[in-house]
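Thanks for coming, everyone. I would like to walk through one structure this morning, going from the sheet to the helices and then to a few backbone details.

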Amino acid sequence: EQLMLVLTSVLTLGQSFGAMAGTGRRVAELMDALDALAAKTKEQRGAALTEAADRVAFEDVTVVAPHGGDPLVEHLSFAIPRKGDLVIMGPSGCGKSSILRVLAGLWPVQGGRIERPLHMGRGGTLFLPQRPYIAMGSLRAQLIYPETEEAYKGDDAQLLELLRFIDLDYLLAQFNLDSVATWEDILSVGEVQRLGFARVFYHRPAFAILDE
């Protein structure tokens with residue numbers, strides 16, 4: 001009876017190891033496929049997105065969602081010089097936000113070429129989504145994002161002036177620039193959007209890209 005029990009345990013272990021090996025093989029195949037997809041996306045993005053210091057331009061760009069499907073935008077061309085402006089209007093779902101995702105490099109380009117300053121922040125490009133990202137850390141970190149506090153060498157007096165300019169200086173009655181809080185729970189959607197504009201005024205990018 002003990003011998004049968006041992007043999008049964010060995011067989012069960014063998015089956016378990018076999019299942020684990022099969023699962024491991026499938027996971028490895030999935031990882032290889034994801035790596036190949038990431039490499040292809042990076043290659044597409046790198047080929048389409050190029051450096052330009054003084055303009056943002058689309059040249060015959062076709063936009064397709066990463067999961068495929070019909071083109072959202074086809075053969076789009078325009079150029080915005082430094083200090084120029086452009087408003088893209090259209091009904092919901094027509095591809096406005098998709099154009100911004102491609103411009104930011106979040107989506108690959110299926111055809112055409114995009115030019116813009118590739119560095120983010122001062123003198124470059126700054127993206128302002130509908131709901132700006134709330135950074136972890138202090139009130140100062142919210143104002144200077146995507147710059148980090150470790151890299152910050154600015155003037156706190158400027159940040160306080162920015163808070164007054166965007167009508168958020170009432171926060172200073174409860175917090176200071178060093179205060180750390182769960183800002184996503186404290187700030188309303190409108191207040192977060194105003195923080196986004198403060199980031200534009202702080203960084204002074206050559207091009208600010210806003211998603212309504």
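**Sheet, helices and backbone**

Let me begin with the backbone around one proline, and please keep in mind throughout that this is a predicted model. P146 is found in the loop between helix 3, residues 139-144, and helix 4, and the peptide bond that joins Y145 to P146 is cis, with an omega of about 10°.

With that noted, let me turn to the sheet. It is an open sheet of four strands, in the order 1-4-2-3, and its pairing is mixed. The edges are formed by strand 1, residues 49-51, and by strand 3, each of which pairs on one side only. If we ignore direction, neighbouring strands of this sheet are turned by 15° against each other on average. Within the sheet, strand 2, which covers residues 55-63, pairs with strand 3 in the antiparallel sense over six bridges, and V63 stands opposite V73 of strand 3.

What lies across these strands? Helix 2 lies across strand 1, strand 2, strand 3 and strand 4, and its direction is at about 115° to that of strand 2. Which residues of helix 2 are buried? They are K96, S98, I99, L100, V102 and L103, and I would draw your attention to the presence of a lysine, K96, in that list. These buried residues pack against strands 1, 2, 3 and 4, and also against strand 5, residues 125-128, and strand 6, residues 207-210. As a general reminder, an α-helix has 3.6 residues a turn, so residues three or four places apart point the same way.

S97 also has its place in helix 2, but S97 has a relative accessible area of 23% and therefore counts as partly exposed, since buried would require a value under 20%. S97 and E212 are 115 residues apart in sequence, yet their C-alpha atoms are 9.0 Å apart in space. Just after helix 2, the chain reaches G105, which takes a positive phi of about 85°.

Now to the pair of helices that I find useful to look at on the screen. The axes of helix 4, residues 156-165, and helix 6, residues 189-203, come within 10 Å and cross at roughly 135°. Why do we call this pair oblique rather than antiparallel? Because the label of roughly antiparallel is kept for angles over 145 degrees, helix 4 and helix 6 are oblique to each other. The crossing of helix 4 and helix 6 is right-handed. On the side of helix 4, the residues that take part are Q158, L159, L162 and F165, and they meet A198, F201 and Y202 in helix 6. By class, the residues of this contact divide into six nonpolar, one polar and no charged.

Finally, two residues other than glycine deserve a careful look, given that each has a positive phi. The phi of K83 is near 70°, and K83 has its place in the loop between strand 3, residues 73-81, and helix 2, residues 96-104. Is K83 buried or exposed? With a relative accessibility of 82%, K83 counts as exposed. For D167, phi is near 60°, and D167 lies in the loop between helix 4 and helix 5, residues 183-186.

How values were computed
Residues are numbered from 1 along each chain as its sequence is written. This is a predicted model: local features need pLDDT of at least 70, side-chain atom pairs count only at pLDDT 80 or more; totals for chains, interfaces and linings use all residues. Side-chain values use heavy atoms; hydrogens and water are left out. Axes are lines fitted to C-alpha atoms, for helices over the stretch in contact, and angles run from 0 to 180 degrees between N-to-C directions. Helices (H or I, at least four residues) and strands (E, at least two) are DSSP runs, numbered from the N terminus. Angles under 35 degrees count as roughly parallel, over 145 as roughly antiparallel, 65 to 115 as roughly perpendicular and the rest as oblique. A crossing is left-handed if the near helix is turned anticlockwise from the far one by less than a right angle, and right-handed if clockwise. Contact means heavy atoms within 4.5 Å. Ala, Val, Leu, Ile, Met, Phe, Trp, Tyr, Cys and Pro count as nonpolar, Asp, Glu, Lys and Arg as charged, and the others, Gly among them, as polar. Buried means under 20% relative accessible area, exposed over 50%, partly exposed in between (1.4 Å probe, protein chains only). Two strands pair if DSSP finds at least two bridges between them.
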